[in-house]
Amino acid sequence: MCGIVGYIGNRNDVGSLLLNSLKKLEYRGYDSCGVAGISDREILVKKDIGKIEEVDKKLDFSSVKGSIGIAHTRWSTHGGVTKENAHPHLSNNKKIAVVHNGIVENYQELRNFLKENGFSFYSSTDTEVIPNLIEFEMRNGKNFEKATIDALRKIEGSYAVLVLNADEKKLIAARKGAPLVLGAADDGHFVSSDIPSFIEHTKDVTYLHDGDVIIFGNSLKIFNLLEDKEVIRPVDTVEWNIEQAMKGNFDHFMLKEISEQVETIQRAVEQDKSIIFEIVQQIKEAKGIFFVACGTSYHACLTASYLFSKIAKMHVNVVVASEFPSYEHFLTDKTLVIAVSQSGETADVLEAVKTAKNKNSKIISLVNVMGSSLHRYSDQSLMMHAGPEICVVATKTYTSQLAILTLLIYALVGKYEEGKKELKYLWNLIYNLTSANIRERIKQLSERLKDSNHIFLIGRGLQYPTALEAALKIKEVSYIHAEGFSGGELKHGTIALIEQGTPCIVFVSEENEKEIISNAIEIKTRGGYIIGVASKNNEVFDFYIKVPEVGNTNPIAQIIPIQTLAYQLATLRGFDPDRPRNLAKSVTVK
Ligand code: M6R
């Protein structure tokens with residue numbers, strides 16, 4: 001998803017400052033980038049398609065001097081990947097520059113209106129209407145601040161925007177439905193889509209609310225469009241540091257984050273007990289429970305639904321967030337909606353939560369990003385405490401989600417301490433599952449699988465969502481077609497694709513060993529190459545990955561080797577696992 005960052009302060013090297021910040025936003029996924037600063041009351045824009053490093057080599061972002069500037073990484077939605085569509089975008093008089101993350105839904109209408117008023121357009125983006133709308137308002141005699149506020153009021157859709165004015169040397173930032181955080185450093189202010197872009201300068205952050213407009217002047221002021229008044233937002237201190245957000249000795253963030261699970265699972269389990277028990281109470285009182293999430297977070301919810309059934313003998317609904325509107329008829333003020341999201345900014349999840357709020361349902365969330373929209377919209381939140389997850393692909397946050405949800409379900413049946421004990425036992429095993437030895441073993445498998453056209457994965461019961469998540473991991477980084485099935489389901493159609501040597505990963509647990517091994521035999525009989533993820537070897541396996549049997553926490557243990565496999569397949573095939581093509585870290589559009 002697009003990333004934006006701006007700076008205003010005392011330094012005179014805004015170009016190199018923003019270049020450094022932009023690199024920390026690369027993980028969000030992008031196809032073009034750009035920087036704008038002010039020189040002699042003129043706006044200087046440098047932008048193009050391609051990686052930040054390549055574009056910087058060509059255009060030299062550091063040559064943008066001065067103490068105020070904005071920058072952008074674009075993940076295209078409206079308009080192709082072209083230099084013209086890259087941000088920043090200028091107004092017709094070239095006095096206003098804008099970077100934007102989000103979608104201006106009424107841009108066609110605004111564009112036609114502006115064209116009728118003599119404006120020309122040079123890109124096919126929705127964003128270009130914003131600087132021109134501000135110029136239009138200023139032509140009507142308004143100052144920059146008033147013109148920007150009035151222009152924002154006319155925009156439908158979602159945005160985090162930074163607006164630069166050359167004449168007044170001013171910066172305005174605003175958000176509605178897309179993330180934006182303010183950082184106050186000793187020598188100036190940063191405003192960005194995400195904290196890693198400025199954490200080396202300050203840990204003091206302010207999470208902006210929907211409708212907030214920050215006007216940077218002699219003093220900083222926040223005006224809220226929805227409340228129609230000036231507001232004060234609290235300053236928080238982030239707990240993590242730049243080292244945690246940087247790669248350290250690892251080649252990629254994905255590998256670093258897989259390895260961090262030794263600590264992140266531990267942190268997830270060390271939850272504030274009182275919040276767990278408050279949520280347990282709400283679960284007990286609810287009439288109908290819905291889990292909503294997308295992608296990997298959805299797989300964590302699906303796993304939780306098996307645990308709810310198995311441990312608490314309780315039915316919960318699990319709905320992919322984008323499908324949630326079809327279920328709104330079942331929502332009442334007694335319904336509990338549990339929204340799970342790493343970023344807390346996934347548009348489909350936020351939309352589902354809005355739907356539930358309209359029906360007065362209670363909202364509980366499980367999020368990793370403090371101050372994110374979901375965190376703020378919820379009645380109560382549990383934090384994952386996994387630290388920043390920079391790789392686009394979710395790894396450590398998935399196992400944190402599983403650990404927290406498992407603990408919650410144990411607490412629900414009065415077995416909180418037992419749950420904690422099982423999870424503590426598990427986290428001691430994680431060292432081994434993320435060790436260099438295991439990586440070496442999995443490397444042999446990656447060599448065998450790297451040219452496969454398909455990989456199939458099967459599991460039963462708790463291992464079924466694991467098969468789905470493992471398939472997602474493999475396909476999103478290695479681009480090999482991978483599909484997860486419940487053990488019995490493959491033979492209802494897809495088994496037709498099994499040929500001599502087709503790889504099939506089989507997740508085995510003590511509970512379902514007999515049935516799943518019998519499914520593995522069915523596949524092997526048709527020529528399949530069987531990879532067993534199990535606590536003991538079996539003659540049907542062509543390749544064996546040993547993972548200890550840990551009962552209800554098997555889903556955590558069993559996914560880790562496959563995260564490593566996905567990582568290695570990507571690197572062996574020459575792909576960057578941190579930034580898979582076409583993917584964004586947080587999907588802030590519907
Ligand atoms: O931030 P969220 O947990 O809401 O994100 C949900 C999905 O977009 C995310 O899990 C996605 O599927 C990742 N590509 C998984 O690796």
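**View 1. Lys-94 in the loop between two strands.** Lys-94 is partly exposed, because its relative accessibility of 46% falls between the limits for buried (under 20% relative accessible area) and exposed (over 50%), computed with a 1.4 Å probe on protein chains only. The residue sits in the loop that links E5 to strand E6 (96–104); strands (E, at least two residues) and helices (H or I, at least four) are DSSP runs numbered from the N terminus. Its phi is near 65 degrees, a positive value in a residue other than glycine. Most residues other than glycine have a negative phi, and most peptide bonds are trans.

This is a predicted model, in which local features need pLDDT of at least 70 and side-chain atom pairs count only at pLDDT 80 or more, while totals for chains, interfaces and linings use all residues. Residues are numbered from 1 along each chain as its sequence is written, and side-chain values use heavy atoms, with hydrogens and water left out.

**View 2. A cis peptide bond and a second positive phi.** Between His-87 and Pro-88 the peptide bond is cis, with omega near 0 degrees. Pro-88 belongs to the loop between strand E4 (68–74) and strand E5 (89–90). Turn next to Asn-360, in the loop between H11 and strand E19 (362–367). Asn-360 also has a positive phi, near 60 degrees, and at 55% relative accessibility it counts as exposed.

**View 3. Strands E16 and E17 with helix H10.** E16 (residues 289–293) runs parallel to E17 (residues 317–320), and the two pair over four bridges; pairing requires DSSP to find at least two bridges between the strands. Within this pair, Phe-290 stands opposite Asn-317 of E17. Together with helix H10 (residues 295–312), the strands make a right-handed β-α-β unit. Right-handed here means that, with the strands pointing away from the viewer, the path from the first strand over the helix to the second runs clockwise.

**View 4. The surroundings of the ligand.** Residues with a heavy atom within 4 Å of the ligand include Cys-294, Gly-295, Thr-296, Gln-342, Lys-473 and Glu-476. Look for three polar contacts, pairs of N or O atoms within 3.5 Å. A polar side-chain atom of Ser-297 lies 2.6 Å from a ligand oxygen atom, and one of Ser-341 also lies 2.6 Å from a ligand oxygen atom. For Thr-346, a side-chain N or O atom is 2.5 Å from an oxygen atom of the ligand.

**View 5. Val-349 in helix H11.** Val-349 lies in H11 (residues 347–358) and is buried, with a relative accessible area of 2%. Beyond neighbours within four places in sequence, Val-349 has contacts (heavy atoms within 4.5 Å) with Ala-293, Cys-294, Ala-321, Ala-339 and Leu-374. Val-292 is 57 residues away along the chain, yet its C-alpha atom is 6.7 Å from that of Val-349.

**View 6. Helix H14 and its packing.** H14 (residues 416–433) has 18 residues and spans 25 Å from first to last C-alpha, close to the 26 Å expected at 1.5 Å a residue; the expected span is 1.5 Å times one less than the number of residues. Its buried residues include Tyr-416, Leu-423, Trp-427 and Ile-430. An α-helix has 3.6 residues a turn, so residues three or four places apart point the same way. The partners that the buried residues of H14 pack against include helix H8 (261–269), helix H15 (436–449) and strand E25 (543–546).

Conventions:
A polar contact is a pair of N or O atoms within 3.5 Å; within protein, one must be able to donate a hydrogen and the other to accept it, and residues adjacent in sequence count only if both atoms are side-chain atoms.
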